[in-house]
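Please read the following alongside the sequence and the coordinates. The text goes from one site to the next.

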Amino acid sequence: MLVGNSFVGLLMTVMSFSGLVFFFESDNRKIEELKLIFWVCMMLVSLLRLVDASYWKFKLSSTPFSPNPVIVRFAIGVFATGSLWGLYSVVLYSSMSELEVASTMVVLSAMAGGAGTVLSPKKELVIFYCTVLLVPMSYCALLDKTGNFFMLGTLGMVYWVGISLSAFRYHQFFISTLHLKERNNNLVKQMSIERSQTDKINQLLIASNEKLDESNANLEAEVERRTQELFRLSNRDPLTNLLNRNGFLKHLNDLLETTKVLQNSLAVLFIDLDGFKQVNDSLGHKIGDLVLVEIANRLRNYSEKNHLARWGGDEFVAVIPYATVDTAKAVAHAMRSGVTIPINANDNQVTLDATIGIAMCPEHGDVAVDLIQQADLTMYDQKRKQRGTVGVFNETLHAEIKREQRLCERLRSAIDNGELCLFYQPIIDVTTGHVSSIEALLRWTCDGEIISPDIFIPLAERSGLMPEIGTWVLNRALIDLSHWDFAEPLCMSVNVSITQLIDDGFVKVLDSALNSTGISPQRLYLEVTESVFANNADLVTQRLHELVERDIKISIDDFGTGYSSLHRLQSMPFDFIKIDRSFVQNTSEESDTIIRATLLMAREFRCKTIAEGIETEAQRAHLAALGSDYLQGYYYAKPMSASDFISWYNKNY
Ligand code: C2E
Ligand code: CA
Ligand code: CA
C-alpha cells in the first residue's frame, strides 16, 4: 500500500519542488546553484524511489515476497526526500523572499498533510516526514528577526502537532482496516476452500449416487432374474420344462376361479405312459429321459402353453378350459395317437402308449386336487381294465373311491382293533408229497365282511400303511410257526410288497422278528412279486443281497405276469420261482410253452419252481410231469386259519 500510494506523492514532490526552485529566482548565483543542487538531488532521489516502487509493484503482482526489504528501502527513500525538504527549507530560508517563505510553508504543509494519510501505515514515517518538513521551517519562521512570520511559524508547529496526532488515528484506522481486510480475505479464502470442498463432496456424492443407481439397477435386475429363476425352479420340471405339480396346481386353481365365475366347464386329463418303465429298465435312464422329453414335446401340440404339466415319473396332466366331455375325449385320443408314433432315441426305436383318465368341472367337482385325483383314479381304473385307453370319471368310480377312502380309514386302526389275521396254505413237495412250506396270506375282517388282500394291500401301499402291516404279518407268521410242533419242521413263506422291501427299517424288523421267535433264517422264505424289479432296481437288489446274506430264501411270485427283463433277473439272488396260476389253469399251448420255458430258465438259474393254483388232479399231474418242484393250490388245501391248518396237517400227515 505504501509503495502503491508513493507514485502520486513522488509526482507531487517533483512538481512542487521544481515549482519552488524555478518559480522563485534569486539574484544570487550561489543561491541559484545551491537550489539547482537541491533540485538535482531531489530529482535523483525521486527517480530512484520511482524505479524502486515500480520494481516492487511489478514483483508484487508476479510473485509473493517478504515485505521487510521493501519497507526498509521505502523508509530510506522517505528519509532522503524528507531530509532534502528539511535541509532545503532551513538552508535557503534566509535567501527567501516573503512570498517564497509563505509559498514554501504552504507547499511543505500540503506535502506534510498528504503524507499524513499516504504514510499512515507506518506512523514512525509520518512523524519523521512531517517533523523534517514542518518543524525546521516553522522554527526558522518563529525565530525570524523580522517577526513577520511568527504567525506562520506558530501555524506550522500547530499543523505539525495536528498532523502527528491524526497520523496516530489514521494509523489505528488503517491497522483495523487491514485486520478487517485480512479477516475478510481469510473469510473469502475459507469460503472458497469450503466451496471447493463442498463442490468436491458434491462431485463425490453425484458419482456415488450414480454408482448407487447403477448397482441398484443391477441389484433389481439380479433380484428379478433370481425371482424368475426361483419361480422356474419351483414351478417347472427341469427335464421337460413343463410345469411341475406345484406350478400346475397354481395354474389350475386360477383357471378354476374363472371357470366358476363365468359358469364354464373345464376338463382335467391324467396321462400315464404304458411301457415306459420297461424302456427305462432295459435301455437305461438316459434314453428314458430322451423319451420323456419327446413325449412332452408331442403332448404340447395338443394343449396350450401352461396347460400341460409333468406330474412325476411317466405321468402328465393337462387342463382343457371350456371343454365338454366329447372335446376332452377327442383331445385325449389325439394325445394317445401322438404318443404311439414310434420314437427314435439314440438309435433305439421305442413305441409307447398312454392310458388317460378324464375328470370334468363342474360335473365331478371344482377343487383342483380332487379333479386331478379323480382323473388319476380313472386312469388307474382304466389301466386295470385295458391299457392304452381313455376313460371318464363316473359315479361307480366315485362310489369306489368313497369306499376306498372309508376302507383306508378303517385299515389304519385294523391292527389295533385285531381285525387282521393270517391264513395258511401248504406248499407240497412233488417228490415226497409232503408239506415243504406254508404261505402266510393276510385276511382282514372289516365290519364282519372279509376284504380280499387284492383290494386292501394296494390300498395299504398307496396310503403308506404297508410297512406297519407287513411288520405285523412277519411277526404273526413267525410267532405261529414257533408255536407249531410238527414232526417235520416246516418253512414259512411270507409275502413282501415293494414299499415294505425298500423301507429303511425292513431288515431291522426282520432281524428282530427272527430273534424274538428263535426261528432260524433258513426256514423263512420271502415272496416278492416280479414287479418289484421294475422300480428302484438298485435298492431292491441291495436289499435282496442283505436277505440272502442272512440265509433267508427268496421266491419270485407271480412269475410271467410282470415285465422284468432276463438281464435284470440275472443280477437278482433268488431261490424259487412261483409260476402264476393263470398259466397253470390255462390249458392252451401258449401257457404250456411259457411253463416249459420258465422251468428251463429256473434250471439255468439253479432255482426251484413252485406251481400255484393247482385245483385239479389233472393240473397236479400235468405240472408234476412238466417238472415243477413244488405245488400249491386248492387241490391240496385252501388257505386256512392257524388252528384249521394244525388240524388239517395232523389229519393228513
Ligand atoms: P399271491 O401271493 O399270489 O397268493 C396266492 C393267492 O392265490 C392267494 O390269494 C390264494 O388264496 C390264492 N390261491 C391259492 N391257491 C389257489 C387256487 O387253487 N385257486 C385260486 N383261484 N386261488 C388260489 P389271496 O390270499 O386272496 O391273496 C391275494 C394276494 O394278496 C396274494 O397273491 C398276495 O399278492 C397278496 N397278499 C396276501 N397276503 C399278503 C401279505 O401278507 N403281504 C403282502 N404283501 N401281500 C399279500
Ligand atoms: Ca405269494
Ligand atoms: Ca402268486
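**Metal sites, domains and packing**

Asn-495 is partly exposed, with 25% relative accessible area. This value, like those that follow, comes from a predicted model. Asn-495 supplies its OD1 atom to the calcium ion (ligand 2), and the other protein donors of that ion are Glu-439 (OE), Glu-527 (OE) and Asp-557 (OD), at 2.1 to 2.3 Å. Along the chain these donor residues follow the pattern E-x55-N-x31-E-x29-D. Glu-439 belongs to strand E9 (residues 435-446) and Asn-495 to strand E11 (residues 491-495), so this pair ties together parts that are 56 residues apart in sequence. Glu-439 has a relative accessibility of 4% and counts as buried.

A second ion, the calcium ion (ligand 3), lies 4.2 Å from the calcium ion (ligand 2), and Asp-557 coordinates both. The protein donors of the calcium ion (ligand 3) come from Asp-557 (OD), Asp-558 (OD) and Glu-612, which is listed with two OE entries, and they lie 2.1 to 2.5 Å from the ion. Their spacing in sequence is D-D-x53-E. Asp-557 sits in strand E13 (residues 553-559), whereas Glu-612 is in the loop between strand E15 (608-611) and helix H21 (617-626); the pair therefore ties together parts that are 55 residues apart in sequence. Asp-557 is buried at 5% relative accessibility, and Glu-612 is buried at 12%.

The domain assignment divides the protein chain into domain 1 (2-189), domain 2 (245-393) and domain 3 (424-440 + 467-652). Between the C-alpha centres of domain 2 and domain 3 the distance is 38 Å.

Helix H5 (residues 123-142) can be checked against its expected length. Its 20 residues should span 28 Å at 1.5 Å a residue, and the end C-alpha atoms are 27 Å apart, which agrees. H5 nevertheless has a bend of about 30 degrees at Thr-131. The buried residues of H5 include Leu-125, Val-126, Tyr-129, Cys-130, Val-132, Leu-133 and Cys-140.

Two of those residues bring up the question of cysteine pairing. How many disulfides does the structure hold? The count is zero. Cys-130 is in no disulfide, and the nearest cysteine sulfur, in Cys-140, is 17 Å away. The relative accessible area of Cys-130 is 0%, and the residue is buried. For Cys-446, the closest cysteine sulfur is that of Cys-408 at 11 Å, which is too far for a bond. Cys-446 also counts as buried, at 2% relative accessibility.

Aromatic contacts come next. The count of aromatic pairs is 22. One of them, Phe-17 with Tyr-88, is tilted, with 4.8 Å from centre to centre and 55 degrees between the planes. Phe-17 is in helix H1 (residues 2-23) and Tyr-88 in helix H3 (residues 68-91), so the pair ties together parts that are 71 residues apart in sequence. Both Phe-17 and Tyr-88 are buried.

Phe-576 and Tyr-630 have ring centres 5.9 Å apart and planes at 70 degrees, so this pair is edge-to-face. Here Phe-576 lies in strand E14 (residues 576-579) and Tyr-630 in strand E16 (residues 630-631), so the pair ties together parts that are 54 residues apart in sequence. Phe-576 is buried at 5% relative accessibility, and Tyr-630 is buried at 13%. Elsewhere, Tyr-424, Trp-484, Phe-486, Phe-645, Trp-648, Tyr-649 and Tyr-653 form one aromatic cluster.

Conventions
Residues are numbered from 1 along each chain as its sequence is written. Chains are lettered from A and ligands numbered from 1 in the order in which they are written. This is a predicted model: local features need pLDDT of at least 70, side-chain atom pairs count only at pLDDT 80 or more; totals for chains, interfaces and linings use all residues. Side-chain values use heavy atoms; hydrogens and water are left out. Donors are N, O and S atoms within 2.8 Å of the metal (3.2 Å for Na, K and Ca); water is not among the atoms, so sites may look incomplete. Helices (H or I, at least four residues) and strands (E, at least two) are DSSP runs, numbered from the N terminus. Buried means under 20% relative accessible area, exposed over 50%, partly exposed in between (1.4 Å probe, protein chains only). Domain bounds come from an automatic or database domain assignment. The expected span of a helix is 1.5 Å times one less than its number of residues. The bend at a residue is the angle between axes fitted to the seven residues ending there and the seven starting there. A disulfide is a pair of cysteine sulfur atoms within 2.5 Å. Rings of Phe, Tyr and Trp (its six-membered ring) pair if their centres lie within 6.5 Å; planes under 30 degrees apart count as stacked, over 60 as edge-to-face and the rest as tilted.
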